[in-house]
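Trainee: I would like to learn how to read the interior and the surface of a protein model. Could you guide me through the features one at a time?

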Amino acid sequence: MFKGRSFAIVASEPFHWKFPARHGRVLGAGFPHSNQIMKSKLIHSSCSVRGARFLSTLSGLVTAAMLAMTPNAHAAFGATPSGGGFIVNNGGNLVFTITSAGDMSSCKYKGTELNDTSKASCIASGLSASSVTATTNGGTVIVIKCVSTAAEFGNMTHYYIVQSGVDNIYMATYPTMEPTVGELRYIFRGQYNVLPNGPADSNNNGNTGAIESSDVFGHSNGQTTSKYYGSERAKDLTVKGATGTGVGVFTAFGTRESSTGGPFVRDIENQGDGTGSDQEIYNYMNSGHHIEITIDGTVEGDRVNVLHGPYAFCFTTGGTPAVPDMSFIANLGLTGYVGTAARGRVVLNGLSGMNTAYTYYMGFANTTAQYWATLNSTGGGECFNMKPGTYSMVIYKNELAVWTGSVAVTANTATTVHTITITGDPSTTATIWRIGDWDGTPLEFLNGANIMNRHPQDVRNTHWGPVTYTVGSSSVGSFPAVQFRGTNSPTTINFTLTAAQAGAAHTVKIGATDGYGGGRPSITVNGHTTTNPGAPTQPGDRCFTTGTYRGNNTTWTWSIPAADFVTGANTIVISPISGTTDLGPWLSASWGYDCVELDN
């Protein structure tokens, strides 16, 4: 092959290569400088065969380089072109394959295959990439860039990123449109037999069949599971995953600034698929589950033409990892990445009118980003790393908005908001009685704390009713968290009034956190009918049967004349109404309670 010629290998510039599998080269392993991946150029000369000694030396070097390229070489940090994609070795314990479609078809940790061998891990159901390229940064970071121009994605870019010797696969996703499937997610399809220890609430294995749609399952002991159950609020997301013998895979959810729905929405995080095949570990960035969520009166839309992430999948020997530092990604030139210097922050001095029994938050939203921060005991706090722009600003008492305004954020600047006086807390209204309290959740009510973790028919729930509640003697925990037309209706409230109270008009208020099927309350007071409210605007998902009570907080009010009250015993009866047909006892017109009160 080299007869009559000698040549030199000249390393001159960082590579950015895309080439088919037949080249069989490893990017980043065995090249002249181990701390930087370089292009190689063959410089030919007309020298004679006297370079045989050089060729012999070169042959030894090439052999050594080829040995370093073998999959078993622990330190073989690099990316090997394969079938239009790449096999990536992180120089630690990970070797994974990105296909020409931009999906991950194999992921090995310490030599053990974690990925389902028949279904790839991927964005949506597969990225259908038209371009997959590999680049490096500083010789210690590999970036696989996958671009899809498929009709269902428009023009989407997805990144896989590794650091030398670090057992994480970092990712980021830049959509130019919402995928036609109606959600943006990455799903790691692990093998269940390798990663059997996932969250119990979403482990569908051993089920006796679906009890609702094809995604909520019953078990022989009367319990229920679903991929929807056990999820956390967006503001609480850190890391979550599944483990096996000597291995763990965890999602580090990263920034949620480009996601949808605000700080309190929940979405799918895990699923034991029910067949014993897959342990699915997710990062949902948005989904149809949050359509029609409003913040400060504005319907949340899917945020596109912005970068989602970075986020990561972390691989361990089984322990739960800390949230990884992803700041190095700032230097990689990802489309849509906004660096720290181009961001600002908001400083809130404090709140006046707080209820110290609750945690308060401040939230921010516009069409390109969302943020939130937990406030301290005096209502002060800071929200960091915000993109420049004008945002709606909301103060939340737990999950209930009690103040709204706006704020402008400027790059590399702190915007100070002086002490805010809370003006929108309904708990400050004087009442004759109140059931629960206004905080935007049904958690204090019957089965309210179970909504996120199980189906309403689960045997671990207390019987839903119908409930008769007596003011002054019944416990708040006996009042239903959800009013289902097909299951526990009506709810009856018994209460007494003095002569003075009965001689005056009063207002009845019912607060809701979410609703299904257009459900809203119709009430009678001592048999007297009232005007029925119109249908509320709520997300179109199943909500209470799929692990969430978080929709749009709604308050209905009725002005009740004195003539409808009596001195002594009084009764209010609450029944759901709707113009839609119920699909079953649980998929029936319903709402989740926040609070019920009779104002003074």
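The dialogue below takes up cores, cavities, a pocket, cysteines and one strand residue.

Mentor: Please note that this is a predicted model, in which local features need pLDDT of at least 70, side-chain atom pairs count only at pLDDT 80 or more, and totals for chains, interfaces and linings use all residues. Residues are numbered from 1 along each chain as its sequence is written, and side-chain values use heavy atoms, with hydrogens and water left out.

Trainee: Which residues have the most contacts inside the largest nonpolar core?

Mentor: A nonpolar core is a set of buried Ala, Val, Leu, Ile, Met, Phe, Trp, Tyr and Cys residues joined through side-chain atoms within 4.5 Å. Buried means under 20% relative accessible area, exposed over 50%, and partly exposed in between, with a 1.4 Å probe and protein chains only. Here the largest core has 40 residues, and those with the most contacts inside it are Met-104, Ile-123, Ile-144, Tyr-160, Ile-169, Phe-188 and Phe-315. A second, separate core has 38 residues, including Tyr-469 and Phe-565.

Trainee: What is Ile-144 in contact with, leaving aside its neighbours within four places in sequence?

Mentor: Contact means heavy atoms within 4.5 Å. The partners of Ile-144 include Phe-86, Val-88, Ile-98, Val-132 and Tyr-160.

Trainee: How many cavities of 30 Å³ or more does the structure hold?

Mentor: Rolling a probe the size of a water molecule over the atoms shows where empty space is left. On a 1 Å grid over the protein atoms alone, a cavity is a set of points where a 1.4 Å probe fits but cannot get out; a pocket is an open set with protein on both sides within 12 Å along at least five of seven lines; lining residues have an atom within 4 Å of a point. Grid points are joined across faces, edges and corners, and a volume is the space filled by probe spheres set on the points. The structure holds four such cavities, and the largest contains about 160 Å³ of space.

Trainee: Which residues lie closest to the centre of the largest cavity?

Mentor: Of its 19 lining residues, the closest to the centre are Ala-234, Leu-237, Arg-256, Asp-267 and Tyr-284. Strands (E, at least two residues) are DSSP runs, numbered from the N terminus. Strand E21 (278-286) and strand E28 (370-374) each give two or more residues to this lining, and E21 gives the most, with three.

Trainee: What volume does the second largest pocket have, and what lines it?

Mentor: About 790 Å³ of space lies in the second largest pocket. Its lining has 31 residues, and Gly-254, Thr-255, Arg-256, Glu-257 and Asn-385 lie nearest its centre. Strand E24 (308-316), E28 and strand E29 (381-386) each supply at least two lining residues.

Trainee: How many disulfides are counted?

Mentor: A disulfide is a pair of cysteine sulfur atoms within 2.5 Å. By this rule the count is zero. Cys-107 counts as buried because its relative accessibility is 0%, and Cys-122 counts as buried because its value is 3%.

Trainee: Is Ser-559 buried or exposed?

Mentor: Ser-559 is exposed because its relative accessible area is 68%. Ser-559 lies in strand E41 (residues 554-560). Not counting residues up to four places away in sequence, Ser-559 touches His-506 and Thr-507. The C-alpha atoms of Ser-559 and Lys-509 are separated by 9.1 Å, although these residues are 50 apart along the chain.

Technical notes:
Helices (H or I, at least four residues) and strands (E, at least two) are DSSP runs, numbered from the N terminus.
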